[in-house]
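Here are some exercises for getting to know a new structure. Have a look at the sequence and the model first, then work through the tasks at your own pace.

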Amino acid sequence: MATPSYSTIVKDGLWDNNGVLCMLLGMCPTMAMTTSATNGFGMGLATAAVMAASNLLVAIFRGYITYEVRVPVYILIVAVMVTLVDLTMNAWMHELYKVLGLFIPLIVSNCLPLARLEAFAAKEPVLPSLADGVFMGLGFTLALTAIGAVREISGNGTLFADASLLLGPAFKFMEMRILPADTGVLMMILPPGGFLATGLLVAGKRLLDLRAGKQISMGGAHCVG
Amino acid sequence: MSKPTYIHGIILGAFCLGFGVVLAGTDMVTSAPIAQRALEDKQNALSKVIPPTIHDNNPVTDTVVLTGHDGKPLTVYRATKGGKVTGVAYQIEGSGYAGEMRLMLAVDAEGKVLGVRALAHKETPGLGDKIEVAKTDWITRFTGLSLGNPAADKWKVKKDGGVFDQFSGATITPRGVVAAIRHGLEFYAENKSKLLEVR
């Protein structure tokens, strides 16, 4: 298979082959962290950083990793990247760490980084692999923020609450109250709401793809052909 | 594959060794700043529950270790002024809707609550998290109360026949917090002489 062009990588990562809305990978952090749009956004960015770094490393060391031990080596690389991010953020970005710190160890339980190492970085050159990590990560961020927004608006009536804690005081304007206080449907914040919101968004994405005349296949690594 | 089996072991071992060195190096560089940040966090938490006017020492470093309710050692931070203990602060635990909640409780020399703050919890956002001072002022209403005020059998949420408000839709969280504070005050009463002892 020829190396995909950068525009394909970008389109695949953000929309066509989106890690959450198409491949349905990484459901554990998706369900756990999308109780608000801000949480989803933070988790997405942390995951994107780990995916970019681990895709890059695997693409560089590809020649030395034998097929038989590739999976343990991939897991090792993802785990080391997660620990490095965890330690450095705790030491030098402590305010951010207090908000994001909860999410970071969860990245190890995400099978999306591992899937991209196996499906992309293990076969393709270094720079496209880096791009794939970045855009798959950003697509993950996009999906988590969208799911978080749906759950937060319907469950709590707010949007981007506490964004200023994550991004700094300049982002205070993002914090909105959409519905009056105490009118939210609590279930949307609890675990069932995660499945409902994710299902609705997956269905919505498929509807848009069908409208655009794209072929949709059920399951498999590529769901838009 | 023409490669002998042990090659794979060597490759995996080499990656583990290499990344192990990277991790050890990062840990060496970051452990001091991380310890410093943890200390600052503790100082912040203590300064929220102990008013600065009642002490001339640093409560973070003036500690005694006693045996807590659960039999485990409990670190008590002491505020002193002019050589007399004016207040003590320690961590208390309550069971909430989603597991353990950790709070910091400060009590003055008369056994009155100086302040309580939630340190860590996993309560439902929008419901149980109203115990955070950033969300509502509920937790500040305990300030000034003691075991006799209200009476011991009234240290409950209203639903259980006590005097404390629950939140609409969430009773378990405030129930856990009220019980934790009551236990914390009982701990103070039982250990008063040790807590106020001047070293």
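The exercises below deal with chain B of this predicted model.

**Exercise 1. Elements along the chain**

Find out how many helices and strands chain B has, and in which pattern they follow one another.

Solution. Start with the count: chain B holds three helices and five strands. Next, walk along the sequence, and the pattern reads α-β-β-β-β-β-α-α.

**Exercise 2. Overall form**

Work out why chain B is described as more spread out than a compact globule.

Solution. Take the radius of gyration of chain B, which is 23 Å. Then compare this with the globule rule: for 199 residues the rule gives 16 Å, and the value for chain B is well over that, so the chain is more spread out than a compact globule. Now look at the C-alpha trace, which spans about 80 × 45 × 30 Å along its principal axes. As for burial, 31% of the 199 residues of chain B count as buried. Finally, turn to contacts in chain B with a separation of 6 or more: residues 24 or more positions apart account for 47% of them.

**Exercise 3. The sheet**

Determine the order of the strands in the sheet of chain B, and say which strands stand at the edges.

Solution. The five strands form an open sheet in the order β1-β2-β3-β4-β5, with antiparallel pairing. At the edges stand β1 (63-67) and β5 (113-120) of chain B; each has a single partner strand, so one side of each lacks a neighbour in the sheet. On average, neighbouring strands of this sheet are turned by 30 degrees against each other, direction ignored.

**Exercise 4. Three hairpins**

Follow the chain from β2(B) to β3(B), from β3(B) to β4(B) and from β4(B) to β5(B), and describe each hairpin.

Solution.

- Step one: β2(B) and β3(B) pair over six bridges in the antiparallel sense. Two residues lie between them in the hairpin, and B:Gly82 in the turn has a positive phi of about 55 degrees. In this pair, B:Lys81 stands opposite B:Lys84 in β3(B).
- Step two: β3 (residues 84-96) and β4 (residues 99-108) of chain B are antiparallel and joined by ten bridges. Their hairpin also has two residues between the strands. B:Ser95 has B:Glu100 in β4(B) as its bridge partner.
- Step three: β4(B) and β5(B) run antiparallel, joined by six bridges. Here four residues separate the strands of the hairpin, and B:Gly111 in the turn has a positive phi of about 90 degrees. B:Arg102 stands opposite B:Ala120 in β5(B).

**Exercise 5. Helices on the sheet**

Identify which strands helix α1 of chain B lies across, and which ones helix α2 of chain B touches.

Solution. Helix α1 (residues 5-49) of chain B lies across β2 (73-81), β3, β4 and β5 of chain B, and runs at about 145 degrees to β5(B). Helix α2 (residues 172-190) of chain B packs on the sheet and touches β3, β4 and β5 of chain B. The direction of helix α2 makes about 145 degrees with that of β3(B).

**Exercise 6. Meeting chain A**

Count the residues of chain B in contact with chain A, and sort them by class.

Solution. In chain B, 22 residues are in contact with 25 residues of chain A. Sorted by class, the chain B side has twelve nonpolar, seven polar and three charged residues.

Conventions:
Residues numbered from 1 in each chain as written. Chains lettered and ligands numbered in written order. Predicted model: local features only at pLDDT ≥ 70, side-chain atom pairs only at ≥ 80, totals over all residues. Pairing = 2+ DSSP bridges. Axes fitted to C-alpha atoms, helices over the stretch in contact; angles between N-to-C directions. Contact = placed C-beta atoms within 7 Å. Nonpolar A, V, L, I, M, F, W, Y, C, P; charged D, E, K, R; others polar. Rg over C-alpha atoms; globule rule 2.2 N^0.38 Å. Buried ≥ 20, exposed ≤ 12 C-beta atoms within 10 Å, placed from the backbone.
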